[in-house]
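Open the model in your viewer and keep the selection panel at hand. The stops below go from the whole chain to single residues.

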Amino acid sequence: YFSYGSNMSIRRLLARVPSANRVGTGMLEMHVLKFHKVSTKDGSAKCDASETGLPGHNVYGVVFHISAREKVDLDIEEGLGYGYEEKDVLIKLDNGTSLKAFTYYATSIDPALRPFDWYREHVVRGARENALPEEYIRMIEAIEYDEDPDYARRERELLIYG
């Protein structure tokens, strides 16, 4: 599984899919990271690896191995069929090798939406803990966000970090 959004946070992913085992970091070429996927759960923006077909456009992320029986759980959490679909991608790992993985891509988008503060925080934390390129992390940190009006949800989301 290639994660480029909030599931790069190992704590967040393990809470959803306990079998997740980190394989390494890498990049998906000819895609750009956008926060424009419409969340069916809270109406805010979530991440998308949007295909551009242009060389030099890269989405960085983390590859995880997950058990086949827990993939169904991840599909439900991610909303497969409800704004996200799945596709196979070729990931260039940091060690120079490539591997095939699946990832999710947005089918329901709204460029006017912004992520909630806690969601962007998951993405930033995941990028930092997996040592993605600093320039890429700064780009994520520069994404404008909205404070979640549901303070309890914000607290629940960030509780995994202590």
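Helices (H or I, at least four residues) and strands (E, at least two) are taken here as DSSP runs, numbered from the N terminus. The model is a predicted one, in which local features need pLDDT of at least 70 and side-chain atom pairs count only at pLDDT 80 or more, while totals for chains, interfaces and linings use all residues. Residues are numbered from 1 along each chain as its sequence is written, and side-chain values use heavy atoms, with hydrogens and water left out.

**Whole chain**

Select the chain and colour it by secondary structure: 5 helices and 7 strands appear. Followed from the N terminus, the elements run β-α-β-β-β-β-α-β-β-α-α-α. Along the principal axes, the C-alpha atoms fill a box of roughly 45 × 35 × 30 Å. The radius of gyration is 15 Å, which agrees with the value near 15 Å for a compact globule of 162 residues. That radius is taken over C-alpha atoms, and the globule rule is 2.2 Å times the number of residues to the power 0.38.

Switch to the surface. The accessible surface comes to about 8,300 Å², and 51% of it belongs to carbon and sulfur atoms. Areas come from the Shrake-Rupley method with a 1.4 Å probe; for residues, only the protein chains shown count as cover. Of the 162 residues, 48% count as buried. Buried means under 20% relative accessible area, exposed over 50%, and partly exposed in between (1.4 Å probe, protein chains only).

A contact is a pair with heavy atoms within 4.5 Å. Among contacts between residues at least 6 apart in sequence, 72% join residues at least 24 apart.

For the charges, Lys and Arg count as positive and Asp and Glu as negative, with His and the chain ends not counted. Each charge is placed at NZ of Lys, CZ of Arg, CG of Asp or CD of Glu. The mean positions of the 21 positive and 27 negative charges are 2 Å apart.

**Helix H4 and its cover**

Select residues 134–141, helix H4, and show the side chains of Tyr 136, Ile 137 and Ile 140, which are buried. Look down the axis of H4: its buried residues fall within an arc of 100 degrees, so they line one face of the helix. The arc is that of the directions from the helix axis to the C-beta atoms. Now add strand S3 (31–38), strand S5 (58–65) and helix H3 (117–129), which are included in what covers these buried residues.

**Val 124**

Stay with helix H3 and pick Val 124. Val 124 is buried, at 8% relative accessible area. Leaving out residues up to four places away in sequence, Val 124 touches Ile 140 and Glu 141. Select Ser 9 as well: Val 124 and Ser 9 are 115 residues apart in sequence and 8.3 Å apart in space, C-alpha to C-alpha.

**Asn 58**

Next, go to Asn 58 in strand S5. Its relative accessible area of 21% makes Asn 58 partly exposed. Beyond residues up to four places away in sequence, Asn 58 touches Met 27, Leu 28, Glu 29, Met 30, His 31 and Tyr 136. The C-alpha atoms of Asn 58 and Met 27 are 6.1 Å apart, with the two positions 31 residues apart in sequence numbering.

**Two positive phi values**

From Asn 58, move to its contact Met 30, in the loop between strand S2 (21–29) and S3. Most residues other than glycine have a negative phi. Phi of Met 30, however, is near 60 degrees, a positive value. Met 30 is partly exposed, at 36% relative accessibility.

Then select Ala 131, in the loop between H3 and H4. Its phi is also positive, near 55 degrees. At 61% relative accessibility, Ala 131 counts as exposed.

**Lys 37**

Which strand holds Lys 37? Lys 37 lies in strand S3, and at 3% relative accessibility it counts as buried. Outside its neighbours within four places in sequence, its contacts include Ser 44, Cys 47, Tyr 82, Tyr 84, Ala 106 and Ile 109. Leu 80, 43 residues away in sequence, is 12 Å from Lys 37, C-alpha to C-alpha.

**Leu 14**

End at helix H1 (residues 10–16), where Leu 14 is found. Leu 14 is partly exposed, with 36% relative accessible area. Its C-alpha atom is separated by 10.0 Å from that of Ile 66, 52 residues apart along the chain.
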